[in-house]
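Reader: I would like to learn how to read local features in a model, one at a time. Could we go through them together?

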Amino acid sequence: MDVLIYGGGAVGLGLASCLIRPGNRVDIVVRPATVAALQSEGLLRTGIFGCVRAEPQAFRSHASLELADGPYDFVLICTKSFDSAAAAEILAGQKGRLGGETPLVLFQNGWGNAEAFAAHFEKRRIYSARVITGFRRPRPHEVEITVHADAIHIGSLFGADLSVIEPLCRAIDRGGIQG
């Protein structure tokens with residue numbers, strides 16, 4: 001599976017820690033300081049689900065979407081809600097790099113995120129995730145899972161085909177966070 005994680009804060013790195021494994025290609029688009037930390041230290045997940053370490057060569061991190069190498073099977077948007085409109089516009093400008101039918105899964109808090117993406121992408125490609133898991137980022141390359149109240153639920157506000165995202169849900173679950 002080829003996955004792009006757009007936004008490498010605590011949630012993005014937590015999800016990356018589930019998906020980085022043999023057979024999966026994970027690209028993470030993050031700020032330059034985080035790229036430097038990930039490229040030198042790798043990714044470390046600690047907390048209630050145990051310790052998971054991914055060496056720097058097990059995934060790729062980029063400071064710009066233009067440096068990522070798609071197409072992808074899934075794009076996970078893990079930016080803050082107030083960045084949704086800008087993220088949607090940036091991703092829309094790189095549709096060819098993402099893949100023409102690639103599902104976009106919004107791992108963001110609040111309402112209005114799906115609509116921001118629907119302004120640029122077909123609604124059938126947009127999925128929303130409900131995450132009731134506490135992620136904390138003590139260092140740029142480290143994420144700690146502090147609490148987990150329920151499984152991650154992914155669905156569509158627009159009635160999109162849910163079978164499309166089943167492989168992603170299984171991968172997150174196998175990676176140690178119930179999806």
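Reader: Leaving aside its neighbours within four places in sequence, which residues is Cys 51 in contact with?

Author: Before the contacts, please keep in mind that this is a predicted model. Apart from those sequence neighbours, Cys 51 is in contact with Leu 44 and Arg 45. Cys 51 itself is found in the loop between β3 and β4, the latter being residues 52–54.

Reader: Does Cys 51 count as buried or exposed, and what is the reason?

Author: The general idea is to compare the relative accessible area with a cut-off, and exposed means over 50%. Cys 51 counts as exposed because its relative accessibility is 58%. As for its place relative to a distant part of the chain, the C-alpha atoms of Cys 51 and Glu 166 are separated by 25 Å, with these positions 115 residues apart along the chain.

Reader: How should I read a residue at the other end of that scale, and where is Asp 27 placed?

Author: The cut-off on this side is that buried means under 20% relative accessible area. Asp 27 is in strand β2, which covers residues 25–29, and Asp 27 counts as buried because its relative accessible area is 0%.

Reader: What does Asp 27 touch, not counting residues up to four places away in sequence?

Author: With those residues not counted, Asp 27 touches Val 3, Leu 4, Ile 5, Arg 60, His 62, Ala 68, Asp 69 and Tyr 72. There is also a polar contact to be read within the strand's own range of residues, for the side chains of Asp 27 and Arg 25 are joined by one of 3.5 Å.

Reader: Turning to strand pairing, how many bridges join strand β3 to strand β10, and do the two run parallel or antiparallel?

Author: The idea is to look at the bridges and at the direction of the two strands. Strand β3 (residues 43–47) and strand β10 (residues 142–148) are joined by 4 bridges and run parallel. Within this pairing, Thr 46 has Glu 144 in β10 as its bridge partner.

Reader: What does Thr 46 touch, and does it count as buried or exposed?

Author: Thr 46, which lies in strand β3, touches Glu 142, Val 143, Glu 144 and Ile 145 when residues up to four places away in sequence are not counted. Thr 46 counts as buried because its relative accessibility is 19%, the cut-off being under 20%.

Reader: How is β9 joined to β10?

Author: Strand β9, residues 133–139, runs antiparallel to β10 and is joined to it by 5 bridges, while the connection in the chain is a hairpin through 2 residues. In this pairing, Phe 135 has Ile 145 as its bridge partner in β10, and Thr 133 stands opposite His 148 in the same strand, β10.

Reader: How do I read a pocket, and how much space lies in the largest pocket?

Author: Rolling a probe the size of a water molecule over the atoms shows where empty space is left. In this model, about 840 Å³ of space lies in the largest pocket. It is lined by 32 residues, of which the closest to its centre are Gly 7, Gly 9, Cys 78, Thr 79 and Lys 80. The elements that give two or more residues to this lining are α1, α3 (84–92) and β9, and the lining residues divide into 16 nonpolar, 11 polar and 5 charged.

Reader: Where is Gly 7 placed, and what surrounds it?

Author: Gly 7 is in the loop between β1 (2–6) and α1 (10–19), and it counts as buried because its relative accessible area is 13%. Not counting residues up to four places away in sequence, Gly 7 touches Gly 12, Val 29, Val 30, Cys 78 and Thr 79. Among these, Val 29 is 22 residues from Gly 7 in sequence, yet the two are 5.7 Å apart in space, C-alpha to C-alpha.

Reader: How many residues of α1 are buried?

Author: The helix α1 is mostly covered, with 9 of its 10 residues buried, including Ala 10, Gly 12 and Leu 13.

Reader: Which peptide bond is cis?

Author: As a general idea, most peptide bonds are trans. Here the bond from Gly 70 to Pro 71 is cis, with omega near 5°, and Pro 71 lies in the loop between β5 (60–62) and β6 (74–77).

Key: Residues numbered from 1 in each chain as written. Predicted model: local features only at pLDDT ≥ 70, side-chain atom pairs only at ≥ 80, totals over all residues. Heavy atoms only, no water. Buried < 20%, exposed > 50% of the residue type's maximum accessible area, 1.4 Å probe, protein only. Polar contact = N/O pair within 3.5 Å; in protein donor to acceptor, adjacent residues only side chain to side chain. Contact = heavy atoms within 4.5 Å. Pairing = 2+ DSSP bridges. 1 Å grid on protein atoms, 1.4 Å probe; cavity = no way out; pocket = protein on both sides within 12 Å on 5 of 7 lines; lining within 4 Å. Points joined across faces, edges and corners; volume = space filled by probe spheres on them. Nonpolar A, V, L, I, M, F, W, Y, C, P; charged D, E, K, R; others polar.
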